[in-house]
Amino acid sequence: MNRARDLLTAWDRAVAAHHDTAPSSTSAEELDQLRAQLGRKTRECAALQQRLAAAATTIAALHHDNIALRDELAQHHSSIVIPLAARP
């Protein structure tokens with residue numbers, strides 16, 4: 001399609017005919033606001049990514065602790081029940 005110049009010209013005319021107004025231009029002030037918002041969101045995303053990595057590390061450590069405790073519990077085949085002293 002990019003090589004069909006006549007088709008592209010017809011397309012441009014059709015688009016222009018259906019759109020009475022030109023797309024609004026973005027002001028420099030609006031661009032600055034959007035850049036600032038993007039910067040805030042980028043920093044927020046980075047902070048959340050760090051929290052996620054820390055949480056994943058903690059969860060992995062707890063998972064390995066649970067496995068070790070289950071293995072230790074499985075090695076003790078007999079359960080020892082110690083009766084509580086009767087209350088007066």
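What share of the 88 residues in the chain do buried residues make up? The answer is 0%. Keep in mind as you look around that this is a predicted model.

Let's start with the overall build. The secondary structure of the chain consists of two helices and zero strands. Its accessible surface comes to about 8,900 Å², and carbon and sulfur atoms account for 59% of that area.

Now let's turn to the contacts between charged side chains. The structure holds two salt bridges. To find one of them, go to helix α2, which covers residues 28-75. Here the side chains of R35 and D32 meet in a salt bridge, with 3.8 Å from N to O. R35 and D32 are three residues apart in this helix, about one turn. How open are these two to their surroundings? R35 has a relative accessible area of 55%, so it counts as exposed, because the cut-off for that class is over 50%. D32, at 48% relative accessibility, counts as partly exposed.

Next, look for E44 and K41, which also lie in helix α2. Their side chains form a salt bridge, at 3.8 Å from N to O. Once again the partners, E44 and K41, sit three residues apart, about one turn of the helix. E44 has a relative accessibility of 42% and is partly exposed. K41 is partly exposed as well, with a relative accessible area of 47%.

To bring this back to the opening question, none of these four residues is buried, because buried means under 20% relative accessible area. That fits the chain as a whole, where buried residues make up 0%.

How values were computed: Residues are numbered from 1 along each chain as its sequence is written. This is a predicted model: local features need pLDDT of at least 70, side-chain atom pairs count only at pLDDT 80 or more; totals for chains, interfaces and linings use all residues. Side-chain values use heavy atoms; hydrogens and water are left out. A salt bridge is a side-chain nitrogen of Lys or Arg within 4 Å of a carboxyl oxygen of Asp or Glu. Helices (H or I, at least four residues) and strands (E, at least two) are DSSP runs, numbered from the N terminus. Buried means under 20% relative accessible area, exposed over 50%, partly exposed in between (1.4 Å probe, protein chains only). Accessible areas come from the Shrake-Rupley method with a 1.4 Å probe; for residues, only the protein chains shown count as cover.
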